[in-house]
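Student: Can we go through this one together, with me asking how each label is earned?
Tutor: Sure, ask away.

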Amino acid sequence: MAQVKIYGRRSVWAPRRGALSDAVHAALVGAWGLPADKRFHRFLLLDDEDLVAPRSPDYLVIEVVCFTGRSPEAKRALLTAFFTDVAPAVGLAPDDLEIVILESPPEHWGIRGVAGDELALSYRVDV
């Protein structure tokens, strides 16, 4: 299970939302083996004055919220994919991209009417 929150300037990222979503999802499918049909992305695009950061206007923050269980190597593989695949795919400099992986135990999630640790998934989260 992984959900993605994407923060950036609306003026910059709204027109590129589709390409960014496709690139982010491809990274998650490739690095973590998420099913291609399991895309959960939220774009939290802000007015220019509402995103204050000492970076270019392209600056982007991506939060990946997921179950615990993935190895340090799997997390590093995802981070690497964001810098080597996602950033170039959307014309983003690596200096303007920040990623954070936020993990919580499955029992802290409620999905499809059950706690996450009772959920039968078609893919592994312990890669």
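Tutor: Let's start with Leu119, which is in contact with Ile111, Arg112 and Val114 once its neighbours within four places in sequence are left aside. Keep in mind that this is a predicted model.

Student: Where is Leu119, and why is it called buried?

Tutor: Leu119 lies in the segment after β6 (114-115). Its relative accessibility is 14%, and buried means under 20%. So Leu119 counts as buried.

Student: How far is Leu119 from Ala14 in sequence and in space?

Tutor: They are 105 residues apart in sequence, and their C-alpha atoms are 34 Å apart.

Student: What about Glu63: why is that one called buried?

Tutor: Same kind of reasoning. Glu63 has a relative accessible area of 16%, and the cut-off is under 20%, so Glu63 is buried. Glu63 lies in strand β3 (residues 60-67). Not counting residues up to four places away in sequence, Glu63 touches Gln3, Val4, Lys5, Tyr7, Val100 and Leu102.

Student: What makes β3 largely enclosed by the rest of the structure?

Tutor: Count its buried residues. Eight of the eight residues of β3 are buried, so the strand is largely enclosed. For β1 (2-9), six of the eight residues are buried, so β1 is also described as largely enclosed by the rest of the structure.

Student: How do you know that β1 and β3 pair?

Tutor: Pairing takes at least two bridges between the strands. β1 and β3 have seven, in the antiparallel sense. Among them, Val4 has Val64 as its bridge partner in β3, and Ile6 has Ile62.

Student: Which way do β1 and β2 run, and how many bridges join them?

Tutor: They run parallel, with six bridges between them. One of the partnerships puts Lys5 with Arg42 in β2.

Student: And what makes β3 and β4 a pair?

Tutor: Eight bridges, against a requirement of at least two. These two strands run parallel. Val64 has Ile101 as its bridge partner in β4, and Cys66 stands opposite Glu103 there.

Student: Why is the unit made by β3, α3 and β4 called right-handed?

Tutor: Picture the strands pointing away from you: the label right-handed means the path from the first strand over the helix to the second runs clockwise. β3, α3 and β4 make a β-α-β unit with that handedness, so the label fits.

Student: Pro88 is in α3 too. Why is Pro88 called exposed?

Tutor: Yes, Pro88 is found in helix α3. Its relative accessible area is 52%, and exposed means over 50%, so Pro88 is exposed. The C-alpha atoms of Pro88 and Trp13 are separated by 15 Å, although the two are 75 residues apart along the chain.

Student: How do you know that the span of helix α2 agrees with what a helix should have?

Tutor: Helix α2 covers residues 17-32, which is 16 residues. At 1.5 Å a residue, it should span 22 Å. Its end C-alpha atoms are 22 Å apart, so the two agree. Just after α2, Gly33 takes a positive phi of about 70°.

Student: Which residues of α2 are buried, and what covers them?

Tutor: The buried ones are Leu20, Ser21, Ala23, Val24, His25, Ala27, Leu28 and Trp32. What covers them includes β1, α1 (10-13), β2 (41-46), β3, α3 (72-89) and β4 (97-104). Here's a handy rule: an α-helix has 3.6 residues a turn, so residues three or four places apart point the same way.

Student: What makes Arg17 count as sitting over the ring of Phe43?

Tutor: Its charge has to be within 6 Å of the ring centre, and within 35 degrees of the ring normal. Arg17 is at 5.7 Å and lies over the face of Phe43. Arg16 lies over the face of Trp13, at 4.0 Å from the ring centre.

Student: Where is Phe43, and what is it in contact with?

Tutor: Phe43 is in strand β2. Leaving aside its neighbours within four places in sequence, Phe43 is in contact with Ile6, Arg17, Leu20 and Ser21.

Student: How many aromatic pairs are there?

Tutor: Ring centres have to lie within 6.5 Å to pair, and by that rule the count comes to zero.

Note on methods. Residues are numbered from 1 along each chain as its sequence is written. This is a predicted model: local features need pLDDT of at least 70, side-chain atom pairs count only at pLDDT 80 or more; totals for chains, interfaces and linings use all residues. Side-chain values use heavy atoms; hydrogens and water are left out. Helices (H or I, at least four residues) and strands (E, at least two) are DSSP runs, numbered from the N terminus. Buried means under 20% relative accessible area, exposed over 50%, partly exposed in between (1.4 Å probe, protein chains only). Contact means heavy atoms within 4.5 Å. The expected span of a helix is 1.5 Å times one less than its number of residues. Rings of Phe, Tyr and Trp (its six-membered ring) pair if their centres lie within 6.5 Å; planes under 30 degrees apart count as stacked, over 60 as edge-to-face and the rest as tilted.
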